[in-house]
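Could you walk me through this model in a viewer, stop by stop? I would like to know what to select next and what is there.

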Amino acid sequence: MPAPETHRETVLELRVNNHPGVMSHVVGLFARRRYNVEAILCLPVDDGAQSDIWLLVNESDRLSQIISQVEKLADVRTVVRHAEDSCLFAGLRQQMYGGAEFRQSA
């Protein structure tokens, strides 16, 4: 029996203008390109005029192209691609699932 395929993950950190519809524009771009977002975290920064959005995504050959397209969205100020060992979502998984691997049921 072959070993289950493992996907390398990376975290994208977006600084965006904070107003209704921004999250929809960002995740809509991923959806239109059939690129799955594994996890999302969004928090306002400073005075609330901007927010940071962290997206956990799988690595793929198309990711660089999608990042380029995200950077062109009017409300996206910056995009930072973090190393795959970013612990942001690992810590949340640990809290939520007690270290157990999360499995999505069909």
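Here is a tour that starts with the whole chain and then moves through the sheet, the helices, the charged pairs and the loops.

**Stop 1: the whole chain, coloured by confidence**

Begin with everything selected, and keep in mind that this is a predicted model. The mean pLDDT of the protein is 84, with 78% of the residues at 70 or more. Colour by pLDDT and look for the two extremes: helix α2 (residues 63–71) has the highest confidence, at a mean of 96, while helix α3 (residues 88–97) has the lowest, at 70.

Now select residues 102–106. Here pLDDT stays under 50, and the model has 1 contact beyond four places in sequence for this stretch. Where pLDDT is low, the predicted coordinates should not be read in detail.

**Stop 2: cartoon view**

Switch to cartoon and trace the chain from its start. You will pass 3 helices and 4 strands, in the pattern β-α-β-β-α-β-α. Of the 106 residues in the protein, 31% are buried. If you have a contact map to hand, put it alongside: among contacts with a separation of 6 or more, 72% are between residues 24 or more positions apart. Turn on the surface as well, and the accessible area comes to about 7400 Å², with 51% of it belonging to carbon and sulfur atoms.

**Stop 3: the sheet**

Hide the surface and select the four strands: β1 (9–17) and β4 (76–82), β2 (37–45) and β3 (50–58). They form an open sheet in the order β2-β3-β1-β4, with antiparallel pairing. The edge strands are β2 and β4, each of which pairs on one side only. Look along the sheet to see the turn from strand to strand: neighbours are rotated against each other by 15° on average, ignoring direction.

Next, keep just β1 and β4 on screen. These two run antiparallel and are joined by 6 bridges. To find your place in the pairing, pick E13, which stands opposite V80 in β4.

**Stop 4: the helices against the sheet**

Bring back α2 and view it together with the strands. This helix lies across β1, β3 and β4, and runs at about 155° to β4.

Then select α1 (22–32) and show its side chains. V22, V26, G28, L29 and F30 are buried in this helix. What do the buried residues of α1 pack against? Their partners are β1, β2, β3, α2 and β4.

**Stop 5: two salt bridges**

Show the charged side chains. How many salt bridges does a search of the whole structure find? There are 2, and both are worth a zoom. Side chains of opposite charge can pair when their charged atoms come close.

Start with R15 and D52, whose side chains meet in a salt bridge at 2.4 Å, N to O. R15 sits in strand β1 and D52 in strand β3, so this pair ties together parts that are 37 residues apart in sequence. Is each partner buried or exposed? R15 counts as partly exposed, at 24% relative accessibility, whereas D52 is buried, with a relative accessible area of 6%.

Move on to R81 and E59, where the closest N and O atoms are 2.6 Å apart. R81 belongs to strand β4 and E59 to the loop between β3 and α2, so to speak of sequence, the pair links distant parts of the chain, 22 residues apart. Both ends are partly exposed: R81 has a relative accessible area of 38%, and E59 has 24%.

**Stop 6: two residues with positive phi**

Finish with the backbone torsions. Most residues other than glycine have a negative phi, and most peptide bonds are trans. Two residues are worth selecting with that in mind.

Pick R34 in the loop between α1 and β2. Just after α1, this residue takes a positive phi of about 55°. R34 is exposed, with a relative accessible area of 76%.

Then jump to D46, found in the loop between β2 and β3. Its phi is near 50°, a positive value in a residue other than glycine. D46 counts as exposed too, at 76% relative accessibility.

Definitions and conventions
Residues are numbered from 1 along each chain as its sequence is written. This is a predicted model: local features need pLDDT of at least 70, side-chain atom pairs count only at pLDDT 80 or more; totals for chains, interfaces and linings use all residues. Side-chain values use heavy atoms; hydrogens and water are left out. pLDDT is the predictor's confidence in each residue, from 0 to 100. Contact means heavy atoms within 4.5 Å. Buried means under 20% relative accessible area, exposed over 50%, partly exposed in between (1.4 Å probe, protein chains only). Accessible areas come from the Shrake-Rupley method with a 1.4 Å probe; for residues, only the protein chains shown count as cover. A salt bridge is a side-chain nitrogen of Lys or Arg within 4 Å of a carboxyl oxygen of Asp or Glu. Two strands pair if DSSP finds at least two bridges between them. Axes are lines fitted to C-alpha atoms, for helices over the stretch in contact, and angles run from 0 to 180 degrees between N-to-C directions.
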